[in-house]
Amino acid sequence: MKSICPRIENILPHSIGEKHSICRGELLKSINGHLLRDIIDYQFLTANEDLTLEIQNHAGVLRTEKIHKSFEDDLGIVFESAVFDGIRSCKNNCIFCFVSQMPKGYRPTLYVKDDDYRLSFLYGNYITLTNLTNEDYKRIVDERLSPLYISIHCADEKIRTTLLGIKNEKPIMPQLKKLAEAGIEIHGQIVLVPGYNDGEILENTIAELETLGDNLLSLALVPVGLTKCQKNNLRIFTKAEAKTIIKTVKKWQTKFQSEKYTNLIFAADEFYLLADEEIPNGDFYEDYPQIENGVGIIRQFYDEFDYEYEVFPHDLKISEQITLITGVDGAKSLQPKIAILKNQGINIETLAVPNNFFGETVTVTGLLTGGDIIDAIKIQPNVDENVHGTFLIPDILLKHHSNLLLDDITINEIEDRTNRVVKVIATDAATLLNTIKKIGKE
(Lines give C-alpha, C1' and ligand atoms only; values in the text may rest on other atoms or scores of the structure.)
Protein backbone atom coordinates (compact mmCIF):
# COMPACT_ATOMS: atom_id res chain seq x y z
CA MET A 1 0.00 0.00 0.00
CA LYS A 2 1.37 3.37 -0.99
CA SER A 3 1.65 5.74 1.95
CA ILE A 4 3.59 8.77 3.00
CA CYS A 5 4.05 9.31 6.71
CA PRO A 6 1.95 12.39 7.43
CA ARG A 7 3.57 15.39 9.06
CA ILE A 8 1.74 16.72 12.10
CA GLU A 9 0.83 20.37 11.57
CA ASN A 10 -0.55 21.07 15.02
CA ILE A 11 -1.57 19.54 18.35
CA LEU A 12 -4.72 20.87 19.99
CA PRO A 13 -4.26 22.23 23.53
CA HIS A 14 -5.17 19.88 26.40
CA SER A 15 -5.66 17.01 23.94
CA ILE A 16 -4.59 13.38 24.28
CA GLY A 17 -1.82 14.04 21.78
CA GLU A 18 -0.45 16.90 23.88
CA LYS A 19 -0.55 14.75 27.04
CA HIS A 20 1.57 12.16 25.22
CA SER A 21 4.10 14.82 24.17
CA ILE A 22 3.35 14.46 20.47
CA CYS A 23 4.71 17.58 18.80
CA ARG A 24 4.11 19.71 15.76
CA GLY A 25 6.39 18.74 12.87
CA GLU A 26 6.75 15.09 13.88
CA LEU A 27 5.80 12.24 11.55
CA LEU A 28 3.12 9.67 12.28
CA LYS A 29 4.59 6.46 10.90
CA SER A 30 1.79 4.02 11.76
CA ILE A 31 -1.18 3.26 14.01
CA ASN A 32 -1.45 -0.27 15.41
CA GLY A 33 1.02 -1.35 12.75
CA HIS A 34 -1.01 0.06 9.85
CA LEU A 35 0.33 2.60 7.39
CA LEU A 36 -1.83 5.58 6.53
CA ARG A 37 -2.95 6.83 3.12
CA ASP A 38 -5.22 9.63 4.26
CA ILE A 39 -7.34 11.08 7.03
CA ILE A 40 -9.96 8.40 6.37
CA ASP A 41 -7.50 5.70 7.44
CA TYR A 42 -6.56 7.83 10.45
CA GLN A 43 -10.19 8.29 11.53
CA PHE A 44 -10.95 4.61 11.06
CA LEU A 45 -7.92 3.42 13.03
CA THR A 46 -8.24 5.94 15.86
CA ALA A 47 -11.79 4.76 16.54
CA ASN A 48 -10.12 1.93 18.48
CA GLU A 49 -9.78 2.35 22.24
CA ASP A 50 -6.26 0.95 22.45
CA LEU A 51 -3.71 2.52 20.12
CA THR A 52 -0.02 2.10 19.44
CA LEU A 53 1.38 5.06 17.55
CA GLU A 54 4.81 4.98 15.94
CA ILE A 55 6.19 8.53 15.91
CA GLN A 56 9.33 9.90 14.28
CA ASN A 57 10.69 13.08 15.86
CA HIS A 58 12.56 15.97 14.24
CA ALA A 59 15.89 14.17 14.64
CA GLY A 60 14.61 11.05 12.86
CA VAL A 61 14.38 9.01 16.08
CA LEU A 62 11.43 6.60 16.33
CA ARG A 63 9.39 6.09 19.48
CA THR A 64 6.18 4.32 20.43
CA GLU A 65 3.23 5.95 22.18
CA LYS A 66 0.65 3.60 23.71
CA ILE A 67 -2.72 5.25 24.24
CA HIS A 68 -5.88 4.06 25.90
CA LYS A 69 -8.95 6.21 25.28
CA SER A 70 -12.70 6.13 24.92
CA PHE A 71 -14.20 5.40 21.51
CA GLU A 72 -15.39 8.98 20.97
CA ASP A 73 -12.17 10.69 22.15
CA ASP A 74 -10.12 12.58 19.56
CA LEU A 75 -6.33 12.63 19.73
CA GLY A 76 -6.15 16.30 18.84
CA ILE A 77 -3.69 15.74 16.00
CA VAL A 78 -3.99 18.07 13.00
CA PHE A 79 -2.29 17.22 9.69
CA GLU A 80 -1.04 19.40 6.87
CA SER A 81 -3.32 17.65 4.36
CA ALA A 82 -6.24 15.25 4.38
CA VAL A 83 -4.48 12.94 1.92
CA PHE A 84 -1.03 11.63 2.78
CA ASP A 85 -0.07 9.90 -0.48
CA GLY A 86 -0.75 12.91 -2.71
CA ILE A 87 -3.93 14.36 -4.20
CA ARG A 88 -5.27 12.47 -7.19
CA SER A 89 -5.03 14.91 -10.07
CA CYS A 90 -7.56 15.18 -12.87
CA LYS A 91 -6.56 13.38 -16.06
CA ASN A 92 -9.29 15.03 -18.13
CA ASN A 93 -8.94 17.96 -20.48
CA CYS A 94 -12.42 19.41 -20.14
CA ILE A 95 -13.31 21.96 -22.79
CA PHE A 96 -14.82 24.13 -20.04
CA CYS A 97 -12.17 23.56 -17.34
CA PHE A 98 -11.93 26.77 -15.33
CA VAL A 99 -8.39 26.05 -14.13
CA SER A 100 -7.23 25.80 -17.75
CA GLN A 101 -8.73 29.24 -18.33
CA MET A 102 -6.65 30.83 -15.56
CA PRO A 103 -4.12 33.50 -16.51
CA LYS A 104 -0.59 32.20 -16.02
CA GLY A 105 1.99 33.26 -13.49
CA TYR A 106 0.19 33.19 -10.16
CA ARG A 107 0.61 30.96 -7.10
CA PRO A 108 0.82 27.23 -7.97
CA THR A 109 -2.18 26.19 -5.85
CA LEU A 110 -4.50 28.04 -8.23
CA TYR A 111 -3.64 25.56 -10.99
CA VAL A 112 -4.24 22.34 -9.03
CA LYS A 113 -6.93 20.16 -10.62
CA ASP A 114 -8.00 17.52 -8.11
CA ASP A 115 -10.17 14.55 -8.98
CA ASP A 116 -9.80 12.65 -5.72
CA TYR A 117 -12.65 10.46 -4.46
CA ARG A 118 -11.43 10.89 -0.89
CA LEU A 119 -11.84 14.67 -1.04
CA SER A 120 -15.27 14.06 -2.54
CA PHE A 121 -16.28 11.99 0.46
CA LEU A 122 -14.63 14.27 3.01
CA TYR A 123 -15.40 17.74 1.66
CA GLY A 124 -17.92 17.41 -1.18
CA ASN A 125 -15.42 18.02 -4.00
CA TYR A 126 -16.79 16.88 -7.34
CA ILE A 127 -15.10 14.01 -9.17
CA THR A 128 -15.57 12.52 -12.65
CA LEU A 129 -14.76 8.83 -11.83
CA THR A 130 -12.30 8.75 -14.75
CA ASN A 131 -9.28 7.90 -12.59
CA LEU A 132 -10.83 5.30 -10.26
CA THR A 133 -9.19 1.88 -10.15
CA ASN A 134 -10.83 -1.41 -9.19
CA GLU A 135 -9.06 -1.08 -5.84
CA ASP A 136 -10.62 2.36 -5.38
CA TYR A 137 -14.11 1.02 -6.08
CA LYS A 138 -13.53 -1.79 -3.60
CA ARG A 139 -12.45 0.62 -0.90
CA ILE A 140 -15.40 2.93 -1.52
CA VAL A 141 -17.81 0.03 -1.11
CA ASP A 142 -16.02 -1.75 1.74
CA GLU A 143 -15.58 1.40 3.83
CA ARG A 144 -18.95 2.89 2.83
CA LEU A 145 -17.46 6.16 1.57
CA SER A 146 -20.83 7.72 0.96
CA PRO A 147 -22.15 10.06 -0.26
CA LEU A 148 -19.90 10.92 -3.18
CA TYR A 149 -20.18 14.10 -5.26
CA ILE A 150 -19.93 13.26 -8.95
CA SER A 151 -19.63 15.43 -12.06
CA ILE A 152 -21.90 13.65 -14.52
CA HIS A 153 -22.38 16.30 -17.20
CA CYS A 154 -24.04 13.96 -19.68
CA ALA A 155 -25.29 10.38 -19.92
CA ASP A 156 -24.46 10.19 -23.65
CA GLU A 157 -20.88 8.94 -23.71
CA LYS A 158 -19.88 10.57 -27.00
CA ILE A 159 -20.94 13.95 -25.73
CA ARG A 160 -19.46 13.36 -22.27
CA THR A 161 -16.06 12.37 -23.64
CA THR A 162 -16.14 15.47 -25.85
CA LEU A 163 -16.86 17.62 -22.81
CA LEU A 164 -14.14 15.90 -20.78
CA GLY A 165 -11.65 16.09 -23.64
CA ILE A 166 -10.70 12.40 -23.42
CA LYS A 167 -11.14 9.20 -25.45
CA ASN A 168 -12.06 5.60 -24.72
CA GLU A 169 -13.44 6.33 -21.28
CA LYS A 170 -15.70 3.92 -19.40
CA PRO A 171 -19.39 4.85 -19.79
CA ILE A 172 -20.60 6.86 -16.82
CA MET A 173 -24.01 5.26 -16.28
CA PRO A 174 -22.73 1.70 -15.58
CA GLN A 175 -20.30 3.18 -13.04
CA LEU A 176 -23.05 5.16 -11.32
CA LYS A 177 -25.31 2.10 -11.24
CA LYS A 178 -22.48 -0.01 -9.81
CA LEU A 179 -22.07 2.48 -6.98
CA ALA A 180 -25.82 2.80 -6.40
CA GLU A 181 -26.30 -0.97 -6.30
CA ALA A 182 -23.57 -1.13 -3.66
CA GLY A 183 -25.49 1.35 -1.53
CA ILE A 184 -23.31 4.39 -2.26
CA GLU A 185 -25.34 7.59 -2.36
CA ILE A 186 -24.64 10.26 -4.96
CA HIS A 187 -24.94 14.02 -5.27
CA GLY A 188 -24.59 14.84 -8.94
CA GLN A 189 -23.79 17.93 -10.92
CA ILE A 190 -24.17 18.79 -14.58
CA VAL A 191 -22.11 21.70 -15.86
CA LEU A 192 -24.27 22.89 -18.72
CA VAL A 193 -22.58 24.14 -21.89
CA PRO A 194 -24.88 25.75 -24.49
CA GLY A 195 -25.14 23.59 -27.60
CA TYR A 196 -23.49 20.56 -26.00
CA ASN A 197 -25.47 19.02 -23.14
CA ASP A 198 -28.58 21.19 -22.82
CA GLY A 199 -31.97 20.83 -24.51
CA GLU A 200 -32.98 17.29 -25.45
CA ILE A 201 -29.60 15.94 -24.35
CA LEU A 202 -30.23 17.28 -20.86
CA GLU A 203 -33.70 15.74 -20.77
CA ASN A 204 -32.24 12.35 -21.72
CA THR A 205 -29.51 12.65 -19.08
CA ILE A 206 -32.02 13.38 -16.32
CA ALA A 207 -34.17 10.43 -17.46
CA GLU A 208 -31.13 8.14 -17.29
CA LEU A 209 -30.17 9.39 -13.83
CA GLU A 210 -33.69 8.71 -12.60
CA THR A 211 -32.88 4.99 -12.92
CA LEU A 212 -30.44 5.30 -10.01
CA GLY A 213 -33.43 5.41 -7.67
CA ASP A 214 -33.14 6.73 -4.14
CA ASN A 215 -29.34 6.58 -4.22
CA LEU A 216 -29.34 9.78 -6.27
CA LEU A 217 -29.78 12.32 -3.48
CA SER A 218 -29.66 15.52 -5.53
CA LEU A 219 -28.72 16.91 -8.92
CA ALA A 220 -27.47 20.45 -9.61
CA LEU A 221 -27.51 22.17 -12.98
CA VAL A 222 -24.68 24.70 -13.11
CA PRO A 223 -23.91 27.11 -15.98
CA VAL A 224 -20.49 26.90 -17.57
CA GLY A 225 -18.01 29.49 -16.32
CA LEU A 226 -15.92 31.13 -19.02
CA THR A 227 -12.99 33.54 -18.77
CA LYS A 228 -11.40 35.70 -21.43
CA CYS A 229 -8.67 33.04 -21.72
CA GLN A 230 -10.96 30.24 -22.93
CA LYS A 231 -9.93 28.86 -26.33
CA ASN A 232 -12.77 26.52 -27.29
CA ASN A 233 -15.24 29.06 -28.69
CA LEU A 234 -17.76 28.35 -25.98
CA ARG A 235 -20.38 30.86 -24.92
CA ILE A 236 -22.51 31.61 -21.87
CA PHE A 237 -26.28 31.12 -21.71
CA THR A 238 -28.70 33.75 -22.94
CA LYS A 239 -31.58 35.03 -20.84
CA ALA A 240 -34.06 33.00 -22.90
CA GLU A 241 -31.98 29.84 -22.52
CA ALA A 242 -31.75 30.37 -18.76
CA LYS A 243 -35.54 30.56 -18.61
CA THR A 244 -35.74 27.29 -20.53
CA ILE A 245 -33.39 25.60 -18.05
CA ILE A 246 -35.56 26.76 -15.14
CA LYS A 247 -38.67 25.53 -16.94
CA THR A 248 -37.03 22.13 -17.44
CA VAL A 249 -36.13 21.98 -13.74
CA LYS A 250 -39.71 22.80 -12.72
CA LYS A 251 -41.10 20.09 -14.98
CA TRP A 252 -38.85 17.40 -13.53
CA GLN A 253 -39.43 18.61 -9.99
CA THR A 254 -43.17 18.13 -10.45
CA LYS A 255 -42.52 14.55 -11.49
CA PHE A 256 -40.08 13.83 -8.66
CA GLN A 257 -42.37 15.39 -6.06
CA SER A 258 -45.24 13.13 -7.09
CA GLU A 259 -43.07 10.01 -7.11
CA LYS A 260 -40.31 10.63 -4.55
CA TYR A 261 -41.62 13.55 -2.44
CA THR A 262 -38.50 15.56 -3.21
CA ASN A 263 -37.50 18.16 -5.79
CA LEU A 264 -34.21 16.27 -6.36
CA ILE A 265 -33.06 18.54 -9.19
CA PHE A 266 -32.05 22.18 -8.76
CA ALA A 267 -30.77 25.01 -10.93
CA ALA A 268 -27.90 27.16 -9.69
CA ASP A 269 -28.72 30.67 -8.51
CA GLU A 270 -26.94 32.11 -11.55
CA PHE A 271 -29.70 30.83 -13.82
CA TYR A 272 -32.35 32.76 -11.86
CA LEU A 273 -30.28 35.95 -11.94
CA LEU A 274 -29.64 35.57 -15.66
CA ALA A 275 -33.32 34.87 -16.35
CA ASP A 276 -34.47 37.77 -14.13
CA GLU A 277 -36.70 35.35 -12.27
CA GLU A 278 -37.57 35.41 -8.59
CA ILE A 279 -35.42 33.32 -6.27
CA PRO A 280 -37.49 30.36 -4.96
CA ASN A 281 -38.50 30.20 -1.30
CA GLY A 282 -36.64 28.27 1.38
CA ASP A 283 -38.82 25.16 1.23
CA PHE A 284 -37.93 24.80 -2.44
CA TYR A 285 -34.31 24.01 -1.52
CA GLU A 286 -35.28 21.42 1.11
CA ASP A 287 -32.13 20.85 3.20
CA TYR A 288 -29.89 22.78 0.76
CA PRO A 289 -27.96 19.71 -0.45
CA GLN A 290 -26.17 21.65 -3.19
CA ILE A 291 -25.50 24.99 -1.51
CA GLU A 292 -21.72 24.63 -1.96
CA ASN A 293 -22.48 24.42 -5.67
CA GLY A 294 -24.19 27.80 -5.73
CA VAL A 295 -27.69 26.41 -5.31
CA GLY A 296 -29.76 28.33 -2.76
CA ILE A 297 -27.09 30.72 -1.47
CA ILE A 298 -29.20 33.78 -2.24
CA ARG A 299 -32.33 32.38 -0.61
CA GLN A 300 -30.39 31.37 2.49
CA PHE A 301 -29.00 34.91 2.75
CA TYR A 302 -32.46 36.45 2.27
CA ASP A 303 -34.05 34.30 4.96
CA GLU A 304 -31.23 34.92 7.42
CA PHE A 305 -31.39 38.65 6.73
CA ASP A 306 -35.14 38.76 7.40
CA TYR A 307 -34.69 36.82 10.63
CA GLU A 308 -31.81 38.96 11.90
CA TYR A 309 -33.43 42.20 10.80
CA GLU A 310 -36.31 41.62 13.24
CA VAL A 311 -33.92 42.44 16.11
CA PHE A 312 -31.88 45.00 14.19
CA PRO A 313 -32.31 48.59 15.50
CA HIS A 314 -34.72 50.10 12.97
CA ASP A 315 -34.02 53.59 14.29
CA LEU A 316 -30.32 53.33 13.47
CA LYS A 317 -29.11 56.07 11.10
CA ILE A 318 -25.61 56.13 9.62
CA SER A 319 -24.41 59.05 7.52
CA GLU A 320 -20.92 57.62 7.00
CA GLN A 321 -20.85 55.73 3.73
CA ILE A 322 -20.63 51.94 3.88
CA THR A 323 -19.73 50.24 0.62
CA LEU A 324 -20.10 46.51 0.16
CA ILE A 325 -17.66 45.10 -2.41
CA THR A 326 -19.31 42.47 -4.59
CA GLY A 327 -19.42 41.00 -8.06
CA VAL A 328 -22.05 41.86 -10.64
CA ASP A 329 -24.28 38.94 -9.62
CA GLY A 330 -23.82 39.73 -5.94
CA ALA A 331 -24.90 43.34 -6.38
CA LYS A 332 -28.02 42.23 -8.22
CA SER A 333 -28.98 39.68 -5.57
CA LEU A 334 -28.26 42.01 -2.65
CA GLN A 335 -30.30 44.90 -4.00
CA PRO A 336 -33.62 44.10 -2.21
CA LYS A 337 -31.99 43.85 1.21
CA ILE A 338 -29.68 46.83 0.74
CA ALA A 339 -32.76 48.86 -0.17
CA ILE A 340 -34.29 48.04 3.22
CA LEU A 341 -31.24 49.42 5.01
CA LYS A 342 -31.10 52.53 2.84
CA ASN A 343 -34.79 53.24 3.46
CA GLN A 344 -34.22 53.42 7.22
CA GLY A 345 -31.41 55.94 6.86
CA ILE A 346 -28.25 53.87 6.56
CA ASN A 347 -25.86 55.18 3.92
CA ILE A 348 -24.94 51.85 2.33
CA GLU A 349 -24.18 50.98 -1.27
CA THR A 350 -22.95 47.99 -3.21
CA LEU A 351 -19.99 48.38 -5.51
CA ALA A 352 -20.35 45.89 -8.36
CA VAL A 353 -16.75 45.28 -9.42
CA PRO A 354 -16.28 44.37 -13.09
CA ASN A 355 -14.00 41.34 -13.46
CA ASN A 356 -11.28 42.53 -15.82
CA PHE A 357 -8.90 39.83 -14.55
CA PHE A 358 -10.99 36.92 -15.83
CA GLY A 359 -13.23 38.82 -18.23
CA GLU A 360 -16.72 40.33 -18.13
CA THR A 361 -18.41 36.91 -18.44
CA VAL A 362 -17.25 36.09 -14.89
CA THR A 363 -19.77 37.82 -12.65
CA VAL A 364 -19.58 35.94 -9.34
CA THR A 365 -18.16 37.66 -6.27
CA GLY A 366 -15.80 34.88 -5.21
CA LEU A 367 -13.49 35.40 -8.20
CA LEU A 368 -12.76 39.09 -7.76
CA THR A 369 -9.13 40.18 -7.56
CA GLY A 370 -7.39 42.89 -5.58
CA GLY A 371 -6.40 44.79 -8.71
CA ASP A 372 -9.95 44.98 -10.00
CA ILE A 373 -11.23 46.06 -6.57
CA ILE A 374 -8.64 48.84 -6.40
CA ASP A 375 -9.59 50.09 -9.86
CA ALA A 376 -13.31 50.01 -9.02
CA ILE A 377 -12.86 51.91 -5.75
CA LYS A 378 -10.79 54.61 -7.46
CA ILE A 379 -13.50 55.32 -10.02
CA GLN A 380 -16.48 54.78 -7.73
CA PRO A 381 -19.00 57.53 -8.56
CA ASN A 382 -20.37 60.03 -6.06
CA VAL A 383 -17.68 59.46 -3.45
CA ASP A 384 -15.65 62.26 -1.92
CA GLU A 385 -12.14 61.02 -1.19
CA ASN A 386 -11.99 63.30 1.83
CA VAL A 387 -15.11 61.77 3.42
CA HIS A 388 -14.49 58.92 5.85
CA GLY A 389 -16.12 55.67 4.81
CA THR A 390 -15.77 51.92 5.14
CA PHE A 391 -15.45 49.28 2.44
CA LEU A 392 -16.57 45.75 3.32
CA ILE A 393 -14.90 42.88 1.50
CA PRO A 394 -16.29 39.31 1.80
CA ASP A 395 -13.86 36.77 3.19
CA ILE A 396 -14.51 34.33 0.33
CA LEU A 397 -12.12 36.46 -1.74
CA LEU A 398 -9.16 35.57 0.45
CA LYS A 399 -6.80 32.63 0.39
CA HIS A 400 -7.45 30.39 3.39
CA HIS A 401 -5.82 31.70 6.57
CA SER A 402 -4.34 34.75 4.82
CA ASN A 403 -5.18 38.24 3.59
CA LEU A 404 -4.17 37.46 0.00
CA LEU A 405 -6.59 37.75 -2.89
CA LEU A 406 -6.37 35.71 -6.10
CA ASP A 407 -3.79 38.02 -7.68
CA ASP A 408 -1.69 38.02 -4.48
CA ILE A 409 -2.67 41.58 -3.57
CA THR A 410 -3.30 41.99 0.15
CA ILE A 411 -6.01 43.83 2.03
CA ASN A 412 -3.35 46.24 3.33
CA GLU A 413 -2.33 47.03 -0.23
CA ILE A 414 -5.92 47.82 -1.14
CA GLU A 415 -6.11 50.25 1.78
CA ASP A 416 -2.77 51.86 0.93
CA ARG A 417 -3.51 52.26 -2.77
CA THR A 418 -7.04 53.61 -2.31
CA ASN A 419 -6.68 55.52 0.97
CA ARG A 420 -9.79 53.74 2.23
CA VAL A 421 -10.72 51.79 5.33
CA VAL A 422 -11.29 48.16 4.38
CA LYS A 423 -12.83 45.50 6.61
CA VAL A 424 -13.10 41.79 5.81
CA ILE A 425 -16.38 40.18 6.82
CA ALA A 426 -18.04 36.80 6.49
CA THR A 427 -20.68 36.47 3.79
CA ASP A 428 -23.65 35.68 6.04
CA ALA A 429 -26.41 38.20 6.71
CA ALA A 430 -25.94 38.17 10.48
CA THR A 431 -22.31 39.26 10.15
CA LEU A 432 -23.27 42.03 7.72
CA LEU A 433 -25.92 43.46 10.04
CA ASN A 434 -23.71 43.18 13.12
CA THR A 435 -20.89 44.95 11.27
CA ILE A 436 -23.25 47.77 10.31
CA LYS A 437 -24.34 48.13 13.95
CA LYS A 438 -20.71 48.38 15.09
CA ILE A 439 -19.98 51.04 12.48
CA GLY A 440 -23.00 52.96 13.72
CA LYS A 441 -21.56 52.97 17.26
CA GLU A 442 -18.09 54.12 16.22
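Three bridges join strand β8 to strand β9 (residues 265-267), and the two strands run parallel. If you want to find this pairing in the predicted model, look for L219, which stands opposite I265 in β9. To get from one strand to the other, the chain passes through a helix: β8, helix α8 (residues 239-260) and β9 make a right-handed β-α-β unit.

Now turn to the other partner of β8. Seven bridges join β8 to strand β7 (residues 186-192), and these strands run parallel. Here I186 stands opposite L216 in β8. The chain crosses from β7 through helix α7 (residues 199-209) to β8, and this β-α-β crossover is right-handed.

How many of the eight residues of strand β8 are buried? Seven of them are, so the strand (residues 216-223) is largely enclosed by the rest of the structure.

Strand β7 also pairs with β6, through four bridges, and this pair runs parallel. I186 of β7 appears again here, standing opposite L148. Which way do the residues of β6 (residues 148-151) point? L148 and I150 point one way, while Y149 and S151 point the other way, and all are buried.

**Into the core**

The largest nonpolar core has 95 residues. Within this core, the residues with the most contacts are L53, L176 and I436. Helix α8 gives the most to the core, with six residues.

L176 is a good place to pause. Leaving out residues up to four places away in sequence, L176 touches L129, I150, I152, I186, L209 and L212. Two of these names should look familiar: I150 is one of the residues of β6, and I186 is the residue that stands opposite L216. Apart from the largest core lies another core, of 17 residues, among them A376, F391, L398 and I414.

Back in helix α8, you can find I245. Is I245 buried or exposed? With a relative accessible area of 4%, I245 is buried, because anything under 20% counts as buried. Setting aside neighbours within four places in sequence, I245 is in contact with L192, L202, L221, F237 and F271. The C-alpha atoms of I245 and P223 are separated by 9.8 Å, and these residues are 22 apart along the chain.

**Charged pairs**

Side chains of opposite charge can pair when their charged atoms come close. In this model the count comes to 24 salt bridges. Here are three of them, with the distance from N to O.

| Salt bridge | N to O distance |
|---|---|
| R63 and E26 | 2.8 Å |
| R63 and E65 | 2.9 Å |
| K255 and E259 | 3.1 Å |

R63 takes part in a salt bridge with E26 and in another with E65. The pair of R63 and E26 links distant parts of the chain, 37 residues apart. R63 sits in strand β4 (residues 62-68), whereas E26 is in the loop between α1 (16-19) and β2 (27-31). How accessible are these residues? R63 is partly exposed, with a relative accessible area of 23%. E26 is buried, with a relative accessible area of 3%, and E65, at 14%, counts as buried too.

The pair of K255 and E259 belongs to helix α8. Why are K255 and E259 separated by about one helical turn? The reason is their spacing: they are four residues apart in the helix. K255 is partly exposed, with a relative accessible area of 29%, and E259 is partly exposed, with 46%.

Salt bridges can also be followed from residue to residue in one group. R37, D38, D41, D85, D116, R118, R139 and E143 are linked in a network of salt bridges.

**A buried residue in a loop**

Finally, visit N355, which lies in the loop between β11 (346-352) and α12 (370-378). Is N355 buried or exposed? At 3% relative accessibility, N355 counts as buried. What does the side chain of N355 reach at 2.9 Å? The answer is the backbone nitrogen of F358. Not counting residues up to four places away in sequence, N355 touches E360, V362, L367, L368 and D372.

Methods:
Residues are numbered from 1 along each chain as its sequence is written. This is a predicted model: local features need pLDDT of at least 70, side-chain atom pairs count only at pLDDT 80 or more; totals for chains, interfaces and linings use all residues. Side-chain values use heavy atoms; hydrogens and water are left out. Buried means under 20% relative accessible area, exposed over 50%, partly exposed in between (1.4 Å probe, protein chains only). A polar contact is a pair of N or O atoms within 3.5 Å; within protein, one must be able to donate a hydrogen and the other to accept it, and residues adjacent in sequence count only if both atoms are side-chain atoms. Contact means heavy atoms within 4.5 Å. Two strands pair if DSSP finds at least two bridges between them. A crossover is right-handed if, with the strands pointing away from the viewer, the path from the first strand over the helix to the second runs clockwise. A nonpolar core is a set of buried Ala, Val, Leu, Ile, Met, Phe, Trp, Tyr and Cys residues joined through side-chain atoms within 4.5 Å. A salt bridge is a side-chain nitrogen of Lys or Arg within 4 Å of a carboxyl oxygen of Asp or Glu.
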